[in-house]
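Reader: Hi, I'm new to this one. Can you walk me through it?
Author: Sure. Have a look first, then ask away.

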Amino acid sequence: MLAPSLSVSRSLLPSTRALLSTRALSSASPDLVVSIKKAYPDEPENPASIAILTMSRPAARNALGTQMLGEFCVALESLPTNPDLRAVILQSDVERVFCAGADLKERRTMSQMEAGMFVSKLRNSFTALANLPLPVIASIEGAALGGGLEIAMGADIRVAGANAVFGLPETSLAIIPGAGGTQRLPRLIGESRAKELIFTGRRVNAEDAAGYGIVSHCVPAGTALEKSMEIAREIARNGPIGVRCAKTAVNVGMQGDITSGMEVERACYAQTIPTSDRMEGLNAFREKRKPVYKGE
Ligand code: COA
């Protein structure tokens, strides 16, 4: 039962083609821009990189419509094929808004069946984000509402600028959070608090969100990306297979009881044992130098 969900690619395919095609697929004005940054620009020989996914649909405040969701899915499929990637940051370049949730104007044009199918696609896409075999950091400035909070909850780590606002306002639209919100929020902050936020649709500021545990860091407004990059660089120093296996171990293990979780941990650890990175870590320790991990 564990085998398929625990498989973590050991040899990372050397291909950036898929990333390029992500850009190519985007229309003249893409809603999502993928950029790759070197993690350590002052170390030219170090290929470790960080992908930055930038939501860029200002006219609709980054509302998730068919086009943006399509671009997001293509990006998610292509990212793991880049062997140099160590982490992904999801951010917005729209002033005062991370993401305004589902596109309510587009929704109005949908039949009941289309609405149900689109919400399922949103849900599956955010689950694909949560399962991406790379650490994902949501860098949040401004409003993260409805699907905007749900996409952020698909990330592994959330960093908020002090001006961020969070909420699941769906019940005020006579629906429910349908892209993971009713499941991820209670797991993140506990059932009672999650129910209160979902039943009332109340918005909370970044400081309260940090207190609740919705975000891990509340930083001065405008510095969420800087903090996210700092965390991504810390991650990028470590063995990429180890990091990927650790994410799988936590994700899969958290879905069951602790005894099954220990079995998940064993299976994930086993995948790191035959890697050359593991020996590199041990050799670097003996030789008192920094390890150079290759993801092999
Ligand atoms: N879907 C579609 N369009 C949206 C949208 C959404 N979720 N959120 C905002 N927009 C559109 C507005 O309709 C407006 O379009 P218009 O210029 O054609 O009138 C434009 O984006 C700007 O919105 P505005 O409210 O003026 O921007 P703002 O910067 O003052 O506020 C928000 C930003 C995100 C706080 C606010 O737009 C908002 O609360 N949006 C709704 C969020 C929501 O309820 N999401 C849950 C969906 S289930």
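**A chat about the model**

Author: Let's start in a loop. Arginine 61 sits in the loop between β2 (49-55) and α3. One caution: this is a predicted model.

Reader: Okay. Is arginine 61 buried, partly exposed or exposed?
Author: Partly exposed, because its relative accessibility is 40% and the partly exposed class lies between 20% and 50%.

Reader: What about the phi of arginine 61?
Author: Phi is near 50° there, a positive value in a residue other than glycine. Most residues other than glycine have a negative phi.

Reader: Where else does a residue other than glycine have a positive phi?
Author: Alanine 174 is one of them, with phi near 65°. Alanine 174 is in the loop between β8 and α7 (181-189). This alanine is exposed, with a relative accessible area of 73%.

Reader: Switching to the ligand. How many residues surround it?
Author: 16 residues surround the ligand. Arg61, Ala100, Ala102, Leu104 and Lys105 are the closest. So arginine 61 comes up again, since Arg61 is among the closest residues.

Reader: What classes make up that shell?
Author: The shell has 10 nonpolar residues and six charged ones, with no polar residues.

Reader: Which atoms of the ligand come up against arginine 61?
Author: An oxygen atom of the ligand, 2.9 Å from an N or O atom in the arginine 61 side chain. Arginine 203 also has a polar side-chain atom 3.1 Å from an oxygen atom of the ligand. At alanine 100, a polar backbone atom is 2.8 Å from a ligand nitrogen.

Reader: And how much of the ligand's area does the protein cover?
Author: 63% of the 880 Å² of accessible area that the ligand has on its own.

Reader: New topic. How many disulfides are there?
Author: Zero, from a search of the whole structure. Take cysteine 218: the nearest cysteine sulfur belongs to cysteine 99, and is 20 Å away. Cysteine 218 is partly exposed, at 35% relative accessible area.

Reader: Why is cysteine 245 not bonded to cysteine 268?
Author: Because their sulfurs are 5.6 Å apart, too far for a bond. The cut-off for a disulfide is 2.5 Å. Cysteine 268 holds the closest cysteine sulfur to that of cysteine 245.

Reader: Is cysteine 245 buried or exposed?
Author: Buried, at 3% relative accessibility.

Reader: How many aromatic pairs are there?
Author: The count is one aromatic pair. The partners are phenylalanine 72 and phenylalanine 126, with ring centres 6.4 Å apart. Their planes are at 85°, so the pair is edge-to-face.

Reader: Which helices does that pair tie together?
Author: Phenylalanine 72 is in helix α3 (residues 66-78), and phenylalanine 126 is in helix α5 (residues 112-130). So the pair ties together parts 54 residues apart in sequence. Both phenylalanines are buried.

Reader: Back to loops. Where does proline 30 lie?
Author: In the loop between α2 (17-25) and β1 (32-38). Proline 30 is partly exposed, at 23% relative accessibility. Its C-alpha is 29 Å from that of cysteine 218, and the two are 188 residues apart along the chain.

Reader: And asparagine 163, where does that one lie?
Author: In the loop between β7 (157-161) and β8 (165-167). Asparagine 163 is partly exposed, with a relative accessible area of 38%. From asparagine 163 to proline 186 the C-alpha separation is 23 Å, across 23 residues in sequence.

How values were computed. Residues are numbered from 1 along each chain as its sequence is written. This is a predicted model: local features need pLDDT of at least 70, side-chain atom pairs count only at pLDDT 80 or more; totals for chains, interfaces and linings use all residues. Side-chain values use heavy atoms; hydrogens and water are left out. A residue is near a molecule or strand if one of its heavy atoms lies within 4 Å of it. A polar contact is a pair of N or O atoms within 3.5 Å; within protein, one must be able to donate a hydrogen and the other to accept it, and residues adjacent in sequence count only if both atoms are side-chain atoms. Accessible areas come from the Shrake-Rupley method with a 1.4 Å probe; for residues, only the protein chains shown count as cover. Ala, Val, Leu, Ile, Met, Phe, Trp, Tyr, Cys and Pro count as nonpolar, Asp, Glu, Lys and Arg as charged, and the others, Gly among them, as polar. Buried means under 20% relative accessible area, exposed over 50%, partly exposed in between (1.4 Å probe, protein chains only). Rings of Phe, Tyr and Trp (its six-membered ring) pair if their centres lie within 6.5 Å; planes under 30 degrees apart count as stacked, over 60 as edge-to-face and the rest as tilted. Helices (H or I, at least four residues) and strands (E, at least two) are DSSP runs, numbered from the N terminus.
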